[in-house]
Amino acid sequence: MEYKLRIDKHKACSTNTLRSAQRWASHNLKKKYSAIYNPIIKSMNIPQFEGRVQIDIFYNSRLDPDNVSGKFIIDAFVECGVIKDDSKKYVKRFSVENLPELPSDTYIIRIRTNEDGNQKRINF
């Protein structure tokens, strides 16, 4: 089972922003990104995954790969009931890959079951 979310013209939250935010600011960031991700996920009617999943982010933006945060998208998967929890019991792998061939500020988030194999590249 595999699902892909595409978000165009998106300014993702960076790891640096998360790290520098005070607790109340971090809460506001979570609300901001939940308002973006949750409606997209809910509109896709993704059933709850059983077992462990792999989550991959493919993107093209000014951010370096080590500065792309998956925190809020993974939280949104939990909030929408797609995965039970964001612990290692349910998330086997999380990866980030820059794809310059995507339009600027485009993010594709893929979530899939472990049974889908080890292929990392996304087909467009």
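Helices and strands here are DSSP runs, numbered from the N terminus. With that in hand, here are some close-up views of this predicted model.

**Figure 1. The whole chain, with its three helices and four strands.** Welcome to the protein! Following the sequence, you meet the elements in the pattern β-α-α-β-α-β-β. Of the 124 residues, 42% are buried. If you take the contacts between residues at least 6 apart in sequence, 80% of them join residues at least 24 apart.

**Figure 2. Glutamine 54 and its partner, arginine 93.** Look for glutamine 54 in strand β2, which covers residues 53–60. Is this residue buried or exposed? Glutamine 54 has a relative accessible area of 1%, and buried means under 20%, so it counts as buried. Its side chain makes a polar contact with the side chain of arginine 93, at 2.8 Å.

**Figure 3. The largest nonpolar core, a group of 26 residues.** In soluble globular proteins, nonpolar side chains tend to be buried together. Which residues have the most contacts inside this core? They are Ile41, Ile73, Phe77, Ile83 and Ile109. The elements giving two or more residues to the core are β1 (2–7), α2 (23–43), β2, α3 (71–79) and β4 (106–113). Helix α3 provides the largest share, five residues. Zoom in on isoleucine 41: leaving aside residues up to four places away in sequence, it touches Leu5, Ile46, Ile73, Ala76, Phe77, Cys80 and Val82.

**Figure 4. The largest cavity, holding about 50 Å³ of space.** Searching the whole structure turns up two cavities of 30 Å³ or more. The lining of the largest cavity is made of His10, Ala12, Tyr37, Ile57, Val68, Ser69, Ile73, Tyr107 and Ile109. What kinds of residue are these? Seven are nonpolar, two are polar and none is charged. You may recognise Ile73 and Ile109 in this lining, since both were named in the view of the core.

**Figure 5. Two loop residues with positive phi, asparagine 45 and aspartate 105.** Most residues other than glycine have a negative phi, which makes this pair worth a look. Asparagine 45 sits in the loop between α2 and β2, and its phi is near 50 degrees. Aspartate 105 belongs to the loop between β3 (91–98) and β4, with a phi near 60 degrees. Now for their surroundings: asparagine 45 is exposed, because its relative accessibility is 64% and the cut-off is over 50%. Aspartate 105, at 14% relative accessible area, is buried.

Definitions and conventions: Residues numbered from 1 in each chain as written. Predicted model: local features only at pLDDT ≥ 70, side-chain atom pairs only at ≥ 80, totals over all residues. Heavy atoms only, no water. Buried < 20%, exposed > 50% of the residue type's maximum accessible area, 1.4 Å probe, protein only. Polar contact = N/O pair within 3.5 Å; in protein donor to acceptor, adjacent residues only side chain to side chain. 1 Å grid on protein atoms, 1.4 Å probe; cavity = no way out; pocket = protein on both sides within 12 Å on 5 of 7 lines; lining within 4 Å. Points joined across faces, edges and corners; volume = space filled by probe spheres on them. Nonpolar A, V, L, I, M, F, W, Y, C, P; charged D, E, K, R; others polar. Core = buried A, V, L, I, M, F, W, Y, C linked by side-chain atoms within 4.5 Å. Contact = heavy atoms within 4.5 Å.
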